[in-house]
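Reader: I am new to this structure and would like a close look at a single part of it. Please take one helix and follow it outward to whatever surrounds it.

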Amino acid sequence: MDFALFVNQLFNGLSVASLYLLAALGLSLSFGLMRVINMAHGEMLMLGGYLAFLTLQIVPSPISIFAAMVFAFLGAAFVGALIQSTLVRRLTDRPLDTLLATWGVSLILQQLARDVFGPIGVEVRAPDWLNQSIQITSGFLSGVTIPSARLFILLVTAAVLAALALVIAKTRLGLLTRATNQDRMMAAASGIPVKRIDLIVFCLGSGIAGLAGVILALLGPVTPSVGQSYIVPAFLVVVMGGLGSIFGTTVSALILGLISALSQIFVDVSAAQMLILVFVILFLQVRPQGVVAPQSRTLDF
Amino acid sequence: MSAGLKTSSTIFAALLTCLAAAAPLALSAYDLNLLARFMSFALLAMGIVLIWGYCGILSLGQGVFFGLGAYAIAMHMKLAALPQGSVPDFMMWSGRESLPWWWAPLESGLVAVIAVFVVPAVFAGLFAFLVFSRRVGGTYFALITQALALAFATLLVSRQGATGGFNGLTNFSTLFGMDINASGRDVQLYLVTLALLVLTYFGLTMLLNSRFGLLLRASRDGENRVRFLGFNPTPLKVAAFAIAGMLAGLSGALFTVHAGNISPAMVGVVPSIEMVIWVAVGGRYSLIGAIAGAIFLNFARDWISSAFPTLWLYFIGALFILTVTLLPSGLAGLVTQNLRKTPAAP
């Protein structure tokens with residue numbers, strides 16, 4: 001096998017894994033807290049993409065991509081807050097019904113996007129400094145091409161991950177989140193406003209997805225269904241990651257992203273998709289609790 | 001369920017059957033064909049009642065099993081219309097000269113019929129066994145089935161030469177040696193569908209009222225308690241899922257015969273989850289509710305999406321939200337609310 005091709009795909013895999021991770025982080029955090037999955041999470045990606053498009057339309061400057069990230073984060077967090085406080089909160093203890101209700105939200109948001117921006121999708125022109133690529137022409141890595149947009153994705157993801165880990169580990173909000181995650185009843189009994197924690201974490205997760213949408217917009221056109229193509233693998237990342245663990249989610253995003261990209265050296269995209277699914281099912285045979293198992297004596301989580 | 005209600009719902013079902021049997025006299029050929037398609041969907045919907053209502057398993061991938069049954073019969077109909085040894089037209093366009101190995105056995109009508117029942121059931125059972133035996137369930141299971149639906153549909157689209165790709169399989173002319181377009185054939189096929197629907201309804205009613213049904217409900221409401229009582233819920237859930245898969249396969253086969261085509265657009269993520277909303281609206285604890293939900297929602301879809309094309313997604317989206325939040329037992333729940341206590345949500 002061509003070594004350069006392998007390295008290129010490896011790098012591709014890392015950037016795919018980054019997108020899976022950014023999409024899955026919010027899902028995983030909320031799942032740990034509330035045991036619910038927001039099926040409209042993919043539409044937060046889409047929203048982020050469209051907000052990036054609007055920002056770059058209004059302020060076309062090389063660094064307005066950073067402004068777009070801020071807007072996308074805030075916009076998606078706001079919509080997330082609406083979904084959580086009007087819908088998800090009402091369906092406590094009915095996780096499967098939450099799936100269906102939020103799927104309804106997802107359909108409505110997609111159709112809204114179709115009506116507002118048209119069905120074809122919009123192109124976000126990445127600033128020039130993101131349109132370059134680093135090419136290695138000599139040495140044993142000769143033939144390796146690293147597009148700077150993909151490098152940028154890795155950096156953003158690393159920054160988001162570090163910031164989130166810091167918030168969870170060091171701040172008061174993180175402390176309360178961890179407490180609620182561990183034992184919701186006990187946390188509520190000791191005066192932690194668990195409902196507000198739910199809301200804040202949900203917003204945070206939606207915001208991160210919005211941010212991921214900006215990155216998606218750099219890679220391809222933003223269409224009403226752009227979120228759908230990333231969200232299903234992100235769901236699998238959550239399933240494999242273990243309950244509400246950032247570390248578990250990161251590891252499983254890395255594994256699935258790399259499998260997806262590296263298998264595409266040998267097979268096409270659709271077979272790669274099947275391969276990921278088979279891998280997750282086989283993984284669950286060995287570790288049904290996911291990469292990181294929660295420590296608990298309760299039988300019914 | 002009280003004895004009185006049992007008789008009254010049997011009488012109700014019998015009345016509905018008579019009404020449906022008379023439908024060919026009253027409906028135009030077009031409407032009869034639509035009704036026949038939607039009645040095929042109703043078979044699948046009853047399978048969802050079995051697994052979702054009575055077992056607490058939400059599957060977002062029933063389209064996969066629907067597709068397995070549908071493609072099995074469609075492949076047979078393609079082969080039956082061909083002279084011995086040649087390949088279907090779309091394979092020639094893709095430059096394929098011989099049949100893939102998994103096409104060949106379906107040349108026989110008997111094998112095709114067996115495949116319609118067995119392939120989805122075995123696949124569903126195997127899939128459920130792998131997941132449930134490791135005690136993975138609930139939301140995780142729903143997400144995995146959705147990934148399955150996505151992978152299945154993408155695979156069908158990408159294997160153009162073997163599956164007909166995006167366009168799927170169409171242009172059928174014969175079924176088991178009969179001309180499928182002969183006059184009066186539509187009424188016969190409709191009546192066959194109705195008979196299968198009625199058989200399935202009574203079969204499932206018996207199953208749900210048996211000890212098996214009781215254990216299913218018990219493991220829905222408290223899986224670990226059932227384990228402590230000395231039962232293993234896994235084989236029960238696997239069996240229920242396999243039965244639902246088989247019904248979905250049969251549903252797909254009947255649909256393909258009525259609609260005259262099958263394509264990946266019928267089996268992917270979106271159609272799979274729409275199948276669940278039929279049952280949610282009709283009533284997840286009620287077989288009749290699920291039948292009604294499948295038929296009425298599809299007629300509504302036919303009407304709304306032709307009259308106001310962009311409204312359909314808003315409508316179905318709102319329906320998802322409102323049914324689940326306001327009417328968790330569906331329309332059937334409204335009807336039976338005064339007659340008896342509805343089963344508690346899991």
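Author: What follows looks at helix α9 of chain A and then moves outward to the chain contact, the nonpolar core and a second helix.

The model is a predicted one, and everything said here about α9(A) should be read in that light. Helix α9(A) has 16 residues, which at 1.5 Å a residue should span 22 Å, and the C-alpha atoms at its ends are 23 Å apart, in agreement with that expectation. Along the way there is a kink of about 25 degrees at Val232(A), and this kink lies shortly before the proline Pro233(A). Just after the helix comes Gly242(A), which takes a positive phi of about 100 degrees.

As for its surroundings, 14 of the 16 residues of α9(A) are buried, and the helix is therefore largely enclosed by the rest of the structure. The count rests on a cut-off, because a residue is called buried if 20 or more other C-beta atoms lie within 10 Å of its own.

Part of those surroundings concerns the other chain, since 35 residues of chain A are in contact with 37 residues of chain B. On the chain A side, the elements that give two or more residues are α4 (95–117), α9 (226–241) and α11 (269–286). It is α4(A) that gives the most to this side, with 14 residues. Sorted by class, the side of chain A that touches chain B has 23 nonpolar, six polar and six charged residues.

The buried nonpolar residues can be followed further. The largest nonpolar core has 193 residues, and those that touch the most other members are Tyr20(A), Leu236(A), Ala45(B) and Met46(B). Helix α2 of chain B, residues 29–53, gives the most to this core, with 15 residues. Leaving aside residues up to four places away in sequence, Met46(B) touches Thr200(B), Tyr201(B), Leu204(B), Leu247(B), Leu287(B), Ala290(B) and Ile291(B).

For a second helix to set beside α9(A), there is α8(A), residues 194–219, whose 26 residues reach 38 Å from the first C-alpha to the last, close to the 38 Å expected at 1.5 Å a residue. This helix is mostly covered, with 20 of its 26 residues buried.

One last pair begins with Val70(A), a residue of helix α3 of chain A, residues 64–86. Val70(A) has 15 other C-beta atoms within 10 Å and is therefore partly exposed. Although Val70(A) and Gly210(A) are 140 residues apart in sequence, their C-alpha atoms are 9.2 Å apart in space.

Methods:
Residues are numbered from 1 along each chain as its sequence is written. Chains are lettered from A and ligands numbered from 1 in the order in which they are written. This is a predicted model: local features need pLDDT of at least 70, side-chain atom pairs count only at pLDDT 80 or more; totals for chains, interfaces and linings use all residues. Two residues are in contact if their C-beta atoms, placed from the backbone, lie within 7 Å. Helices (H or I, at least four residues) and strands (E, at least two) are DSSP runs, numbered from the N terminus. Ala, Val, Leu, Ile, Met, Phe, Trp, Tyr, Cys and Pro count as nonpolar, Asp, Glu, Lys and Arg as charged, and the others, Gly among them, as polar. The expected span of a helix is 1.5 Å times one less than its number of residues. The bend at a residue is the angle between axes fitted to the seven residues ending there and the seven starting there. A residue is buried if 20 or more other C-beta atoms lie within 10 Å of its own, exposed if 12 or fewer, and partly exposed in between; C-beta atoms are placed from the backbone. A nonpolar core is a set of buried Ala, Val, Leu, Ile, Met, Phe, Trp, Tyr and Cys residues joined through C-beta atoms within 7 Å.
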